[in-house]
Amino acid sequence: MSGEYDDLKRRMDGAIAAFKHDLASLRTGRASSNLLDAIQVQAYGTTMPINQVANVTVPEPRMISVSVWDKSMVGAVDRAIRESNLGFNPIVDGTNLRIPLPELNEQRRKELVRISHGYAENARVAARHVRRDGMDFLKKAEKDGDISEDDHRKRSDQVQKLTDETISTIDHLLSDKEAEIMQV
């Protein structure tokens, strides 16, 4: 069961890591290079992530800088950023694009909080799926005679405790992100 428990722990940690990645892509009042992670650029006859055609940096708290490696790709990167529905208007300067971050209005802040709640619920669901798999494994092990009823109960408690800790971590990350989004 130790290997099974480690697998459950790894999968729960994966749910938290995916949630953190989702939260990092949400725009708060301060710039982050992760804000552009989801943008796909039409390049060389295919679609690729922006970080495969340009270097994304944050030179100051309310500015993102995109340095495009191939001069012929500047227009495609500019177009991809404008069409991303992130509300960004890049300023093209040779092979560099400067993206000033506008202030978030109250309505947009509330929308971002709503989106972050959706991400949190997805992470909680993922953790519950891992819990269900662990409990199913324990039921099967008891039925097959691999573990006793007492072991099943003890290990079920461990799985539940792991699930509770994971969901608590998700809730804590969510409340921190909410405070960051609502901070003016």
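This is a dialogue on reading a predicted model, from the overall fold down to single residues.

Trainee: Where do I start? How many helices and strands does the chain have?

Mentor: Start with the inventory, then the order. This chain has four helices and six strands. From the N terminus on, they run α-β-β-β-β-α-β-β-α-α. Remember that the model is predicted.

Trainee: How do I read the overall shape? What does the radius of gyration say?

Mentor: Set the radius against the globule rule for the chain length. Here the radius of gyration is 22 Å, and the rule gives 16 Å for 184 residues, so the chain is more spread out than a compact globule. The C-alpha trace spans about 70 × 40 × 25 Å along its principal axes.

Trainee: What share of the residues is buried?

Mentor: Buried residues make up 35% of the 184. The accessible surface comes to about 10,500 Å². Carbon and sulfur atoms hold 48% of that surface.

Trainee: And what do contacts tell me about sequence distance? What percentage comes from residues 24 or more positions apart?

Mentor: Take the contacts with a separation of 6 or more. Of these, 63% are between residues 24 or more positions apart.

Trainee: How many charged side chains of each sign are there?

Mentor: Count both signs, then compare their centres. There are 27 positive and 30 negative side chains. The centres of the two sets lie 4 Å apart.

Trainee: Now the strands. How do β1 and β2 run relative to each other, parallel or antiparallel?

Mentor: Look at the bridges. β1 and β2 run antiparallel, joined by four bridges. One pair to find is glutamine 42, which stands opposite threonine 47 in β2. The two strands form a hairpin with two residues between them.

Trainee: Which side chains of β1 point to which face?

Mentor: Follow the strand residue by residue. Val41 and Ala43 point to one face and are buried. Gln40 and Gln42 point to the other face and are not buried.

Trainee: What is unusual about phi in tyrosine 44?

Mentor: First the general idea. Most residues other than glycine have a negative phi. Tyrosine 44 has a positive phi, near 55 degrees. This residue sits in the turn of the β1–β2 hairpin.

Trainee: Is tyrosine 44 buried or exposed?

Mentor: Exposed. Its relative accessible area is 57%, and the cut-off for exposed is over 50%.

Trainee: What about the loop after β2? Where does asparagine 51 lie?

Mentor: Asparagine 51 lies in the loop between β2 and β3. At a relative accessible area of 47%, this asparagine is partly exposed. Its C-alpha atom is 16 Å from that of arginine 82, which is 31 residues apart along the chain.

Trainee: How do β3 and β4 pair?

Mentor: Read this pair as you read the β1–β2 pair. Strand β3 covers residues 54–60 and strand β4 covers residues 63–68. They pair in the antiparallel sense over five bridges. A hairpin of two residues joins them. Glutamate 60 has methionine 63 of β4 as its bridge partner.

Trainee: Which residues does valine 66 touch?

Mentor: Place the residue, check burial, then list its contacts. Valine 66 lies in β4. It is buried, with a relative accessible area of 0%. Leaving out residues up to four places away in sequence, its contacts include Leu36, Ile50, Val77, Ile81, Leu97 and Ile99. For a C-alpha distance, take serine 33: it is 33 residues apart from valine 66 along the chain, and the two C-alpha atoms are separated by 9.2 Å.

Trainee: What does helix α2 pack against?

Mentor: Find its buried residues, then ask what they meet. In α2, Val74, Ala76, Val77, Asp78, Ala80 and Ile81 are buried. The buried residues of α2 pack against β1, β4, β5 and β6.

Trainee: Asp78 is on that list. Why does aspartate 78 count as buried?

Mentor: Because its relative accessible area is 14%, and buried means under 20%. Aspartate 78 touches Pro90, Val92 and Leu97, not counting residues up to four places away in sequence.

Trainee: Last one. Where is phenylalanine 137?

Mentor: Phenylalanine 137 is in helix α3, residues 106–143. Its relative accessibility is 36%, which counts as partly exposed. Now try a distance along the helix. Glutamate 121 is 16 residues apart from phenylalanine 137 along the chain, and their C-alpha atoms are separated by 24 Å.

Definitions and conventions. Residues are numbered from 1 along each chain as its sequence is written. This is a predicted model: local features need pLDDT of at least 70, side-chain atom pairs count only at pLDDT 80 or more; totals for chains, interfaces and linings use all residues. Side-chain values use heavy atoms; hydrogens and water are left out. The radius of gyration is taken over C-alpha atoms; the globule rule is 2.2 Å times the number of residues to the power 0.38. Buried means under 20% relative accessible area, exposed over 50%, partly exposed in between (1.4 Å probe, protein chains only). Contact means heavy atoms within 4.5 Å. Accessible areas come from the Shrake-Rupley method with a 1.4 Å probe; for residues, only the protein chains shown count as cover. Lys and Arg count as positive and Asp and Glu as negative; His and the chain ends are not counted. The place of a charge is taken as NZ of Lys, CZ of Arg, CG of Asp or CD of Glu. Two strands pair if DSSP finds at least two bridges between them.
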